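Work through the exercises below with the sequence and the model in view. Try each task before reading its solution.

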Amino acid sequence: MERAPVKSSSVLSVGYDAVAAELEIEFHNGRVYRYLEVPVAAYRLLLRAPSIGEYVNTVIKPRFEARAV
């Protein structure tokens, strides 16, 4: 999955596969996680969030299953 860089102190890049509804997040610590069954609306809100890291911690992590990549 291709990821694009974002401006965040904790997240380095994000990518989204609309067909599979999977969100991939690369953190500054080098870890990469793929979140499953993420609606495109959640991905769009992530990109527009005032704090991407806060959005990941409060919306993405608690609601969607993750797998380390």
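Gly15 is found in strand 2, where helices (H or I, at least four residues) and strands (E, at least two) are DSSP runs, numbered from the N terminus. This is a predicted model, in which local features need pLDDT of at least 70 and side-chain atom pairs count only at pLDDT 80 or more, while totals for chains, interfaces and linings use all residues. Residues are numbered from 1 along each chain as its sequence is written, and side-chain values use heavy atoms, with hydrogens and water left out.

**Exercise 1. Describe the surroundings of Gly15.**

Step 1. Decide on burial. Buried means under 20% relative accessible area, exposed over 50%, and partly exposed in between (1.4 Å probe, protein chains only). Gly15 has a relative accessible area of 2%, so Gly15 is buried.

Step 2. List the contacts, where contact means heavy atoms within 4.5 Å. Not counting residues up to four places away in sequence, Gly15 touches Met1, Glu2, Arg3, Glu22, Leu23, Glu24 and Tyr43.

Step 3. Check a distant pair. Gly15 and Arg67 are 52 residues apart along the chain, and their C-alpha atoms are separated by 14 Å.

**Exercise 2. Find the strands that pair with strand 3, and state the sense of each pairing.**

Step 1. Apply the criterion: two strands pair if DSSP finds at least two bridges between them.

Step 2. Take strand 2 (11-17) and strand 3 (22-27). They pair in the antiparallel sense over six bridges. One bridge joins Asp17 to Glu22 in strand 3. The two strands form a hairpin with four residues between them, and Ala21 in the turn has a positive phi of about 55 degrees. Ala21 is not a glycine.

Step 3. Take strand 3 and strand 4 (32-35). Four bridges join these antiparallel strands, and Ile25 stands opposite Tyr33 in strand 4. This pair also forms a hairpin with four residues between the strands, and here Gly30 in the turn has a positive phi of about 95 degrees.

**Exercise 3. Which residues lie on each face of strand 3, and are they buried or exposed?**

Step 1. Recall the pattern. In a regular strand the side chains alternate between the two faces of the sheet.

Step 2. Sort the residues. Glu22, Glu24 and Glu26 are on one side, with Leu23, Ile25 and Phe27 on the other.

Step 3. Check burial. Both faces are covered, and six of the six residues of strand 3 are buried.

**Exercise 4. Trace the polar contacts that link Ser13, Arg3, Glu24 and Glu26.**

Step 1. Fix the criterion. A polar contact is a pair of N or O atoms within 3.5 Å; within protein, one must be able to donate a hydrogen and the other to accept it, and residues adjacent in sequence count only if both atoms are side-chain atoms.

Step 2. Start from Ser13 in strand 2. Ser13 counts as buried because its relative accessibility is 5%. Its side chain makes polar contacts with the side chain of Arg3 (3.0 Å) and with the side chain of Glu26 (2.7 Å).

Step 3. Move to Glu24 in strand 3. With a relative accessible area of 2%, Glu24 is buried. The side chain of Glu24 makes a polar contact with that of Arg3 (2.5 Å). Arg3 therefore has side-chain polar contacts with both Ser13 and Glu24.Step 4. Add the wider contacts of Glu24. Leaving aside neighbours within four places in sequence, these include Met1, Ser13, Val32, Tyr33 and Val69.

**Exercise 5. Which elements give two or more residues to the largest nonpolar core?**

Step 1. Define the core. A nonpolar core is a set of buried Ala, Val, Leu, Ile, Met, Phe, Trp, Tyr and Cys residues joined through side-chain atoms within 4.5 Å. In soluble globular proteins, nonpolar side chains tend to be buried together.

Step 2. Pick out the members with the most contacts. Of the 20 residues in this core, Val11, Leu23, Ile25, Tyr35 and Ile60 touch the most other members.

Step 3. Name the elements. They are strand 2, strand 3, helix 1 (40-48) and helix 2 (52-63), and helix 2 gives the largest share, five residues.

Step 4. Look at one member. Not counting residues up to four places away in sequence, Ile60 touches Leu23, Ile25, Tyr35, Ala42 and Tyr55.

**Exercise 6. How do helix 1 and helix 2 pack?**

Step 1. Read the geometry. The helices pack at an angle of about 150 degrees, with their axes 8 Å apart. Axes are lines fitted to C-alpha atoms, for helices over the stretch in contact, and angles run from 0 to 180 degrees between N-to-C directions.

Step 2. Classify the angle. Angles under 35 degrees count as roughly parallel, over 145 as roughly antiparallel, 65 to 115 as roughly perpendicular and the rest as oblique. Helix 1 is therefore roughly antiparallel to helix 2.

Step 3. Name the residues that meet. Ala42, Leu45 and Leu46 in helix 1 meet Ile52, Tyr55, Val56 and Ile60 in helix 2.
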